[in-house]
Amino acid sequence: MIAFIIRRLFASIGVLIAVGLIAFLLFRYVGDPVNQMVGIETPESERVALRQQLGLNDPAIVQALRFLGHAARLDFGISYQFKQPVSELIGARMPATLELAFVASILSLLAGIPMGVYTALHRKSALAKLFEALSLVGISLPTFLIGILLIYLFAVTLGWLPSFGRGDVVHIGSWWTTGLLTASGLKSIIMPAITLALFQMTLIMRLVRAEMLEVLRADYIRFARARGLSERKVHFRHALKNTLVPVITVVGLQLGSIVAFSIITETVFSWPGMGQLFLQSVQNVDIPIMAAYLLFIAFLFVVINLVVDLLYAAVDPRLRVAIHGA
Amino acid sequence: MKAPLLSVKDLRVEFITRRGPLTALDGISFDLAPGEILGVVGESGAGKSLTGLAIIGLLDPPGRIAGGEIRLNGERIDNLAPEAMRKIRGRRIGMIFQDPLTSLNPLLRIGDQLVETILTHTSLTPKAARARAISLLTEVGIPAPEKRIDGYPHEFSGGMRQRVVIALALCAEPALVIADEPTTALDVSVQAQIIAVLKRLAREHHAAVILITHDMGVIAETADRVAVMYAGRIAEIGRVEEVVRDPLHPYAKGLMAAIPTLEGRAARLAQIPGAMPRLSAIPPGCAFNPRCPNVFDRCRIERPPPLPIGTRRAACWLYDRGEVTPPARETVS
């Protein structure tokens, strides 16, 4: 197991270095960094001096290694538009995005798995048909529309929930901020989390339903029934557990996507997260932020993949062998 | 004879389809004495497995019992509520399925599967249930059961898994075990061992067995009586020695003639021309009439009931010697 993790860590570092090089190419060769930093009226002599100072005249390989070295220390340079270190900018906004993604994932799991199980077990019931109709809506309505509808209903018409922002936040440690500990923070996260969770929830529900229907046909389910086990045990102890491997895969990758691409939801709700920052940096060609964001997302997916693999082993003993032996 | 443990009378199983009901089992009747081993043979699709599933109440919809009755120790069990039937499954009727590789839940330790079954049917403490699970594993011949009980199914070979399955089916000492082709998926070298384990345990635990197979050799060695099924009906049922040595029903004759023997010098094995009809196209009269070498007019019109001949019953007009009395419905054992 330890050997497996170490091997995976090395592979992960390889992936991150590769992504880091792409980020470097982006940083160095998409536009001219010097042009981005200085004004139009800056004299040529100052530009040359800055170029020298930034090391842009060094061989590309030296620059690449320097970039990777800095990146390894979470130093991604200074944002062109904010004139602040990129790591600080991202660090300040990361908690908002991660919290939103976390709450949305929990929400989608808590609703999606029971709904999937229910629709699989009671295929013909009216409630199951309602769930399936809702899931079609959830999967086909675009995120921004759901967000806007929620805002219209709960913020504008009913006035129950705030329509934008994160509410009051509490600092935990040196840089993490959380809105989950204040009333206004909790109120603020409800709508963005639902908006983000709806698609995931329908996805999970449909996946669990399909897997469950498949598993319920398996011989070991029939044998479990033949042994006289209660339906509850057959369904939840024997069937549900066997549906979990694909669910873990999808949920893991979706969690990555939620973090990386919650841009639309964050924009609709003016959520002060990384998505907004990224959008602004694209509009302003703020390459250092884009490069750092690219690396961060790669890191996120690498970590999620590792966790997913370990969860596989926790769920399925057959994969434990593969992981031990591999 | 002793009161039968299991009594099946005129059992009919139908599948509801869009084009109306298809009769998959029709007029199945037999009795099973406590501790008796009844072999059930026939081609694929003859209704062997369905008979087993109907008895244990695990017919998958759209299949359903459409007629007849099943009694266990005199009590009707074919019309019980699902919860009452569940209490019978595992406790009074155990079932073993064909493929041991897929009969065990791959994610649970075999000990957990044994213990949960024991706890479902007994009031043992978890600790005592585990001790019982180990003794069951010993009985079915798993070496080092104290260690193996914590293994997962994939760590066992096919034969060992089927032993575990047998242990699982015997957890609550059922009076009847239905073994649906328990050796078909196994290596030939392992088949004999598994049959031996099944037979020994059935005797030690005083369980009657319905052994469904298409291996006549297994039946001849193991069973007390045999039922030959064809197209959802019992063609012939009787003591194994009699049916194997001197089959009455033309289909049973064909089946026995098709068994290869070492002495046989025939260049080709005997075969029955044609194929078993589909459920939707069972001919009127005797279901076997289009393939029967002894067919005559009556076979094409009138369906033969099980006719008692000695200790046997055969559903064939050849043995209706013009008697006017209607054929007895009594079961013979």
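Me: Which residue in strand E8 of chain B is the bridge partner of B:Ile178?
Reply: This is a predicted model, in which local features need pLDDT of at least 70, side-chain atom pairs count only at pLDDT 80 or more, and totals for chains, interfaces and linings use all residues. Residues are numbered from 1 along each chain as its sequence is written, while chains are lettered from A and ligands numbered from 1 in the order in which they are written. Strands E7 (residues 176-180) and E8 (residues 208-212) of chain B pair in the parallel sense over five bridges, where pairing needs at least two bridges found by DSSP. In E8(B), the partner of B:Ile178 is B:Ile210.

Me: Which residue of E7(B) is the bridge partner of B:Gly94?
Reply: Strands are DSSP runs of E with at least two residues, helices are runs of H or I with at least four, and both are numbered from the N terminus. E7(B) also runs parallel to strand E6 (residues 93-96) of chain B, joined to it by four bridges. In E7(B), B:Gly94 is matched with B:Val177.

Me: How many of the residues of E7(B) are buried?
Reply: A residue is buried if 20 or more other C-beta atoms, placed from the backbone, lie within 10 Å of its own, exposed if 12 or fewer do, and partly exposed in between. On one side of E7(B), B:Leu176, B:Ile178 and B:Asp180 are buried, and on the other side B:Val177 and B:Ala179 are buried too. Of its five residues, the number buried is five.

Me: Which element gives the largest share of the side of chain B that touches chain A?
Reply: The contact takes 23 residues from chain B and 20 from chain A, with two residues in contact if their C-beta atoms, placed from the backbone, lie within 7 Å. On the side of chain B, helices H2 (82-88), H3 (100-103) and H4 (110-121) each give two or more residues. The largest share, four residues, comes from H4(B).

Me: Why is H4(B) described as largely enclosed by the rest of the structure?
Reply: Its buried residues include B:Leu114, B:Val115 and B:Ile118. Among what covers them are helix H10 (231-260) of chain A and helices H5 (126-139) and H7 (158-169) of chain B. H4(B) is largely enclosed because its buried residues number 10 of the 12.

Me: What distance does H4(B) reach from its first C-alpha to its last?
Reply: The expected span of a helix is 1.5 Å times one less than its number of residues. For the 12 residues of H4(B) this gives 16 Å, and the reach in the model is close to that, at 17 Å.

Me: Which helix gives the most residues to the largest nonpolar core?
Reply: A nonpolar core is a set of buried Ala, Val, Leu, Ile, Met, Phe, Trp, Tyr and Cys residues joined through C-beta atoms within 7 Å. The largest one has 136 residues, and B:Val209, B:Leu211, B:Val228 and B:Ala235 have the most contacts inside it. With 14 residues, the helix that gives the most is H8 (residues 183-216) of chain A.

Me: What distance separates the centres of domain 1 and domain 2 of chain A?
Reply: The bounds are domain 1 (2-72) and domain 2 (93-284), and such bounds come from an automatic or database domain assignment. Taken over C-alpha atoms, the two centres are separated by 37 Å.

Me: What percentage of the residues in chain A is buried?
Reply: Chain A has 14 helices and two strands. Its C-alpha atoms fill a box of roughly 85 × 60 × 35 Å along the principal axes. Of its 326 residues, the buried share is 35%.
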